Amino acid sequence: MTSSRPYLVRAFNEWILDNNCTPYILVDAGVQGVQVPAEHVANGQIVLNISPSAVKGLMIGNSALEFSARFGGVPMQVSVPLIAVLAIYARENGEGMVFGSEPGTPDPDGTDPDAGTGQPPERPSGKPSLKVVK
């Protein structure tokens, strides 16, 4: 199956905006393909305000999130592969979602844990497991 992350990011963004809050995303700036202002990266991460008043042309596709914005008055095109989005939340109350790693997606260092085996990833025996997301 395809990654659920793009669908969840789009849904949480819409939900946060519908509740008159400001959507922020936490991004792992070390992931290959991330284009963000390096001077605002701290500890390998950056928090970006993706509200309509802060960005222009927000596109949340199935592989990347893109928009243009100003940082310190300087315009910049921002591109974030969705695998680099660690969380999306409302600035006002912290409500949102933190993402874990998904089976079959590459690690942040660019390696695919299932590459080269020619086999589908192993599933644990027994019942499928779900985790509670608050």
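## Exercises on two sheets and a helix

Leaving out residues up to four places away in sequence, Phe 67 touches Leu 48, Ile 50, Val 55, Lys 56, Gly 57, Leu 58, Met 76, Gln 77 and Val 78, where contact means heavy atoms within 4.5 Å. The model is predicted, so that local features need a pLDDT of at least 70 and side-chain atom pairs count only at pLDDT 80 or more, whereas totals for chains, interfaces and linings use all residues. Residues are numbered from 1 along each chain as its sequence is written, and side-chain values use heavy atoms, with hydrogens and water left out.

**Exercise 1. Place Phe 67 in its strand and decide whether Phe 67 is buried or exposed.**

Step 1. Phe 67 belongs to strand S4, which covers residues 64-71; strands (E, at least two residues) and helices (H or I, at least four) are DSSP runs, numbered from the N terminus.

Step 2. The relative accessible area of Phe 67 is 1%, and Phe 67 is therefore buried, a word that stands for under 20% relative accessible area, while exposed stands for over 50% and partly exposed for what lies in between (1.4 Å probe, protein chains only).

Step 3. Gln 77 is ten residues away from Phe 67 along the chain, and the C-alpha atoms of the two are separated by 6.0 Å.

**Exercise 2. Work out the order of the sheet that contains S4, and name its edge strands.**

Step 1. Three strands make up this open sheet, in the order S3-S4-S5, with antiparallel pairing; two strands pair if DSSP finds at least two bridges between them.

Step 2. Strand S3 (56-60) and strand S5 (74-81) are the edge strands, each pairing on one side only.

Step 3. Neighbouring strands here are turned by 20° against each other on average, with direction ignored; axes are lines fitted to C-alpha atoms, for helices over the stretch in contact, and angles run from 0 to 180 degrees between N-to-C directions.

Step 4. Between S3 and S4 there are three bridges in the antiparallel sense, and Lys 56 has Ser 68 in S4 as its bridge partner.

**Exercise 3. Trace the sheet S2-S1-S6-S7 from one edge to the other.**

Step 1. This open sheet has four strands, and their pairing is antiparallel.

Step 2. Strand S2 (45-49) and strand S7 (96-98) stand at the edges with a single partner strand each, so one side of each has no neighbour in the sheet.

Step 3. On average, neighbouring strands of this sheet are turned by 20° against each other, direction ignored.

Step 4. Starting from S2, five antiparallel bridges connect it with strand S1 (residues 23-28), and Val 27 has Ile 46 in S2 as its bridge partner.

Step 5. S1 is in turn joined to S6 by five bridges, the two running antiparallel, and the partner of Leu 26 in S6 is Ala 87.

Step 6. Three bridges then join S6 to S7, which also run antiparallel, and Ala 87 stands opposite Val 98 in S7.

Step 7. The hairpin of S6 and S7 has five residues between its strands, and in it Gly 94 takes a positive phi near 75°.

**Exercise 4. Explain why the buried residues of helix H1 line one face.**

Step 1. H1 has 14 residues and reaches 20 Å from its first C-alpha to its last, close to the 20 Å expected at 1.5 Å a residue, the expected span being 1.5 Å times one less than the number of residues.

Step 2. Arg 5, Pro 6, Val 9, Phe 12, Asn 13 and Ile 16 are the buried residues of H1.

Step 3. Viewed down the helix axis, these buried residues fall within an arc of 135°, so they line one face of H1; the arc is that of the directions from the helix axis to the C-beta atoms.

Step 4. An α-helix has 3.6 residues a turn, so residues three or four places apart point the same way.

Step 5. On the face turned away from the buried side, H1 carries the exposed residues Glu 14 and Asp 18.

Step 6. The cover over the buried residues of H1 includes S1, S3, S4, S6 and S7, and H1 lies across S3 and S4, running at about 135° to S3.

**Exercise 5. Describe Ser 51 and its surroundings.**

Step 1. Ser 51 is placed in the loop between S2 and S3.

Step 2. With a relative accessible area of 6%, Ser 51 is buried.

Step 3. Apart from neighbours within four places in sequence, Ser 51 is in contact with Thr 22 and Pro 23.
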